[in-house]
Amino acid sequence: MDRHDDDAGVLIPGIDAPSTVACLRSLRPRGIRTIVGSESSTTPASRSTYCDEFVELPDPADDLSAYGDALLAVAERSDVRTIIPVREEDVYVLADRKAAFADVVDTNWPDFETLRRVQDRVELFAAADAADVAVPETALLDQWTDWDQETIVKPRYTVAAPAYLDPSADEIEIGSTEYQQPGTPPDLQTVVERRGHVPLVQERIPDSREFGFFALYDRGDPVATFQHCQRRGWEYCGGPSAYRESVYDPDLEAAGRALLDELEWHGLAMVEFLRDPVDDEYKLMEINPRFWSSLPFSVRAGADFPRYYWKQAIGEPVASDDTYEVGIGGHLLRGELSYLHSVATKEYPMVERPSLTGEMRDVATSLVSQPRFDYAVADDPLPFVRDGINLVEAYRESRSTSDSAADSSEADDRDPTDVPPQSTRSHGASPSQTSQGLDD
């Protein structure tokens with residue numbers, strides 16, 4: 001590799017989640033050139049004060065192979081030292097072509113066989129069993145028999161990719177996590193045809209609080225760790241993080257480390273757990289093998305993972321003593337709006353809807369007492385503005401789509417106002433969906 005330290009840069013895919021912006025705000029003030037690559041010029045990161053350059057990339061959801069080709073082409077530039085994965089497609093492409101990327105950049109992510117053990121939840125839960133980490137009762141849909149208990153149906157894989165599905169994977173919508181009403185088993189053939197594979201069935205853990213164990217590993221050894229508890233998701237039944245608080249629990253630490261040690265992990269990981277109120281035990285939901293959407297909060301709490309990642313990637317020692325501030329909170333403001341919208345307008349059959357007045361009071365109180373925001377910061381305001389514009393445009397598009405569907409069929413009994421406040425692939429849920437085990 002021909003890399004020059006005085007112009008060393010990093011390529012970060014630009015997505016709707018705040019993780020890209022968090023990387024820019026951490027790395028650019030340290031003199032590291034930042035390049036944002038995205039299929040959309042309206043990604044909030046492209047408006048950041050800390051973005052040096054924007055490059056257009058294909059949409060990985062449309063053509064994963066073309067996306068990989070484009071990433072590699074940018075990586076071949078002399079001013080690109082490494083790439084930071086922020087979504088499942090990113091780390092899949094980087095791991096699948098690790099040898100090719102290793103010829104031109106520093107590769108700070110797992111090899112493909114290790115990644116597969118994480119992105120294939122059947123293999124992940126097998127690894128958890130080997131590590132003596134608890135998991136909810138889980139089976140493939142065609143093997144599940146007890147439909148009288150509360151269950152969820154979720155994709156087996158975390159990304160629609162050729163190595164996991166068939167060659168037409170780019171055209172498959174593997175779906176998200178859905179509640180299953182007790183006593184009403186789904187039709188196997190219909191579900192498999194819709195999702196393109198046999199998904200998993202899992203017992204429902206009756207607690208919407210999600211606990212995250214976040215880590216950077218160096219070839220099987222932990223370099224830095226962090227923990228948070230999600231207090232509010234995008235929906236009152238759960239979902240991606242709207243408000244979370246930093247915590248430390250040795251049991252959570254032990255479970256997260258045991259699993260990543262078993263995998264001999266390298267690179268980034270968010271290990272997601274729910275705490276089962278029946279036995280008070282942490283139970284594994286999934287691993288996100290890249291940066292998480294609540295990354296800005298991790299950095300604000302004192303765990304500067306973008307800086308750790310960069311130093312490890314270029315072979316410098318990472319000076320982290322695993323200290324961070326416990327007991328503080330942080331918000332994604334559009335997530336808080338989504339949460340209140342769900343309380344005001346939605347019904348979930350297995351989750352009691354809280355009081356709107358009480359939740360508005362709780363949200364307002366935490367905004368005042370814990371004023372830390374993923375996008376909204378004084379020295380870099382434009383990503384917050386752009387994210388707000390994207391939110392409004394997505395909401396209008398969703399309303400227009402719903403109204404058109406209602407006009408086209410009087411038999412359609414859907415409420416046209418019952419739409420997620422942001423329409424994205426990774427964020428937002430229909431009334432039948434929850435996010436037990438979805439991306440933070």
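**A walk through the sheet, its loops and its hollows**

Asp280 sits in the loop between strand S12 (267-276) and strand S13 (helices, H or I with at least four residues, and strands, E with at least two, are DSSP runs numbered from the N terminus). Its phi is positive, about 55 degrees, although Asp280 is not a glycine. Most residues other than glycine have a negative phi. Arg219 is another example, with a phi near 50 degrees in a residue other than glycine. Arg219 is found in the loop between strand S9 (210-218) and S10. Arg219 is exposed, with a relative accessible area of 65% (exposed means over 50%, buried under 20% and partly exposed in between, with a 1.4 Å probe and protein chains only).

Before going further, a word on the model. It is a predicted one, in which local features need a pLDDT of at least 70 and side-chain atom pairs count only at pLDDT 80 or more, while totals for chains, interfaces and linings use all residues. Residues are numbered from 1 along each chain as its sequence is written, and side-chain values use heavy atoms, leaving out hydrogens and water.

Now step back to the whole chain. The protein has 13 helices and 14 strands, and 59% of its 440 residues are buried. How many of the contacts between residues at least 6 apart in sequence join residues at least 24 apart? The share is 70%, where contact means heavy atoms within 4.5 Å.

The two loops we started with both lead into strands of one sheet. This open sheet has 6 strands in the order S13-S12-S9-S10-S11-S14, with antiparallel pairing (two strands pair if DSSP finds at least two bridges between them). S13 and strand S14 (329-331) stand at the edges, each with a single partner strand, so one side of each has no neighbour in the sheet. From one strand to the next, the twist averages 35 degrees.

Let us look more closely at S10 and S11. Strand S10 (residues 221-235) and S11 form a hairpin with 2 residues between them, and 6 bridges join these antiparallel strands. You can follow the pairing residue by residue: His228 has Ser246 of S11 as its bridge partner, while the partner of Cys229 in S11 is Glu245. Turn to S14 and you meet Glu245 again, standing opposite Gly329. S11 and S14 also run antiparallel and are joined by 3 bridges. Is S11 covered or exposed? S11 is mostly covered, with 8 of its 9 residues buried.

Two helices pack on this sheet, and each touches S10, S11 and S14. The direction of helix H11 (residues 333-345) makes about 40 degrees with that of S10, and for helix H12 (residues 356-369) the angle with S10 is about 140 degrees. Here axes are lines fitted to C-alpha atoms, for helices over the stretch in contact, and angles run from 0 to 180 degrees between N-to-C directions.

S11 leads on to a cavity. A search of the whole structure finds 1 cavity of 30 Å³ or more. The largest cavity has a volume of about 30 Å³, and of the 10 residues that line it, those closest to its centre are Pro18, Ser241, Ser293, Leu332 and Asp440. Strand S11 (residues 238-246) gives the largest share of this lining, 3 residues. On a 1 Å grid over the protein atoms alone, a cavity is a set of points where a 1.4 Å probe fits but cannot get out, a pocket is an open set with protein on both sides within 12 Å along at least five of seven lines, and lining residues have an atom within 4 Å of a point. Points are joined across faces, edges and corners, and a volume is the space filled by probe spheres set on them.

Next, find Ser294, in the loop between strand S13 (281-288) and H9. At 0% relative accessibility, Ser294 counts as buried. Which residues does Ser294 contact, leaving aside its neighbours within four places in sequence? They are Phe214, His228, Arg244, Asp374 and Asp440. Two of these names are familiar: His228 from the pairing with Ser246, and Asp440 from the cavity lining.

Asp374 takes us to the last stop. It is one of the residues lining the second largest pocket, along with others including Arg25, Tyr50, Arg300, Phe373 and Asp379. Helix H1 (19-27) and helix H9 (295-300) are the elements that give two or more residues to this lining. The volume of the second largest pocket is about 220 Å³.
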